[in-house]
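Please look over the sequence and the structure shown below before reading on. The notes that follow are a briefing, grouped by topic, to be read alongside them.

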Amino acid sequence: MTDADFARIRQLIYQRAGIVLAEHKREMVYSRLAKRLRHHGLIRFSDYLARLERQPEAKEWEAFTNALTTNLTAFFREAHHFPLLADHVRGRRGPVRVWSAAASTGEEPYSIAMALTEALGSRGGEAEVVATDIDTEALEKARVGVYSMEQIHKLDEGRIKRFFQRGRGRHEGLARVRPELKAMVAFEPLNLLAPSWPVKGPFDAIFCRNVMIYFDKETQARILERFAPLLKPDGLLFAGHSENFSYTTDAFRLRGQTVYVRQPRC
């Protein structure tokens with residue numbers, strides 16, 4: 001992979017998904033895309049990139065984007081957000097809807113669904129979680145809803161019993177999300193840079209955590225401006241632990257630790 005190849009890869013993934021690849025990501029990029037070259041029987045990165053550019057609608061663009069997407073997630077990651085969500089929706093009338101805008105392999109949207117079920121009691125099953133991600137392979141794993149016991153071991157036993165079915169026999173060591181929880185979550189592919197989004201508000205909350213760090217400030221501002229009208233007037237936006245939107249847009253104001261509330265517009 002030449003310097004020119006790496007520069008072109010950085011440009012293409014920015015144009016396609018808004019992701020800014022730092023110089024130190026070169027080794028990761030080489031490792032992940034080399035698998036795509038082998039898949040197509042190619043030797044040179046320049047040939048692979050030329051093939052992509054000749055076919056802007058090719059299915060390979062999806063594999064290219066999937067390869068360069070990082071999926072680091074866990075159940076109830078950044079745990080302080082979930083009690084805040086529960087307090088926000090508890091006692092509400094009408095449908096409760098939450099958007100997980102970077103659903104990855106499903107841990108976040110299923111955690112949201114659990115928190116809503118616990119907060120809303122008998123109305124929990126009426127809540128809806130819209131779960132989207134640009135990585136179609138990750139979304140497929142999320143739809144299946146099967147996880148290793150290692151992945152759920154940090155959940156308390158009560159949640160495991162209530163929301164998961166433990167595997168037996170050849171499925172020993174695995175756990176499946178129970179159908180009633182899975183029914184609350186709708187998974188859809190979505191690129192946050194796309195000119196239109198296949199989601200409709202209003203939402204009580206949007207989770208977009210540890211995604212904006214891959215975008216430049218201009219892209220962040222555009223996405224935040226598009227989030228705002230999809231939220232209810234008091235809707236919350238949950239950000240990642242290393243993200244700060246206070247100086248990016250006036251569409252939101254900081255309410256607490258990495259939690260923002262929609263700002264009324266005059």
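Helices, of at least four residues, and strands, of at least two, are runs assigned by DSSP, and they are numbered from the N terminus. With that numbering in hand, Thr258 can be placed in the loop between strand S9 (252-256) and strand S10 (259-262). The model is a predicted one, and its protein chain has 11 helices and 10 strands.

**The chain as a whole**

- A compact globule of 266 residues would have a radius of gyration near 18 Å, and the 20 Å of the protein chain agrees with this.
- Along its principal axes, the C-alpha trace of the protein chain spans about 60 × 60 × 30 Å.
- Of the 266 residues, 48% count as buried, while the surface that the protein chain exposes comes to about 13,600 Å², of which carbon and sulfur atoms supply 52%.
- When contacts between residues at least 6 apart in sequence are considered, 70% of them join residues at least 24 apart.
- The protein chain carries 41 positive and 33 negative charges, and the mean positions of these two groups are 3 Å apart.

**Two pairs of parallel strands**

- Strand S1 (residues 97-100) and strand S2 run parallel and are joined by 4 bridges; within this pairing, Arg97 has Glu128 of S2 as its bridge partner.
- Because 5 of the 6 residues of strand S2 (residues 128-133) are buried, this strand is largely enclosed by the rest of the structure.
- Strand S7 (residues 203-207) and strand S8 are likewise parallel, with 4 bridges between them, and Phe207 stands opposite Phe238 in S8.
- In strand S8 (residues 231-238), 6 of the 8 residues are buried, so the rest of the structure largely encloses this strand.

**A covered helix**

- Helix H4 (residues 60-67) is mostly covered, since 7 of its 8 residues are buried, and these are Glu60, Trp61, Ala63, Phe64, Thr65, Asn66 and Ala67.
- The buried residues of H4 pack against four helices, namely H1 (3-17), H2 (26-39), H3 (45-54) and H7 (136-144).

**Thr117 and its surroundings**

- Thr117 belongs to helix H6 (residues 107-120), and because its relative accessible area is 11%, which lies under the 20% cut-off, Thr117 is classed as buried.
- Once its neighbours within four places in sequence are left aside, Thr117 is in contact with Gly124, Arg162, Phe163, Leu181 and Met184.
- His171 is 54 residues from Thr117 in sequence, and the C-alpha atoms of these two residues are 27 Å apart in space.

**Backbone features in the loops**

- Most residues other than glycine have a negative phi, and most peptide bonds are trans.
- The peptide bond from Gly201 to Pro202 is cis, with omega near 0°, and Pro202 is found in the loop between strand S6 (185-189) and S7.
- Asn210, in the loop between S7 and helix H11 (217-227), has a positive phi, near 60°, although this residue is not a glycine; Asn210 is also buried, with a relative accessible area of 14%.
- Thr258, the loop residue placed between S9 and S10 at the start, has a phi near 55°, again a positive value in a residue other than glycine, and with a relative accessible area of 11% Thr258 is buried.

Technical notes:
Residues are numbered from 1 along each chain as its sequence is written. This is a predicted model: local features need pLDDT of at least 70, side-chain atom pairs count only at pLDDT 80 or more; totals for chains, interfaces and linings use all residues. Side-chain values use heavy atoms; hydrogens and water are left out. The radius of gyration is taken over C-alpha atoms; the globule rule is 2.2 Å times the number of residues to the power 0.38. Buried means under 20% relative accessible area, exposed over 50%, partly exposed in between (1.4 Å probe, protein chains only). Contact means heavy atoms within 4.5 Å. Accessible areas come from the Shrake-Rupley method with a 1.4 Å probe; for residues, only the protein chains shown count as cover. Lys and Arg count as positive and Asp and Glu as negative; His and the chain ends are not counted. The place of a charge is taken as NZ of Lys, CZ of Arg, CG of Asp or CD of Glu. Two strands pair if DSSP finds at least two bridges between them.
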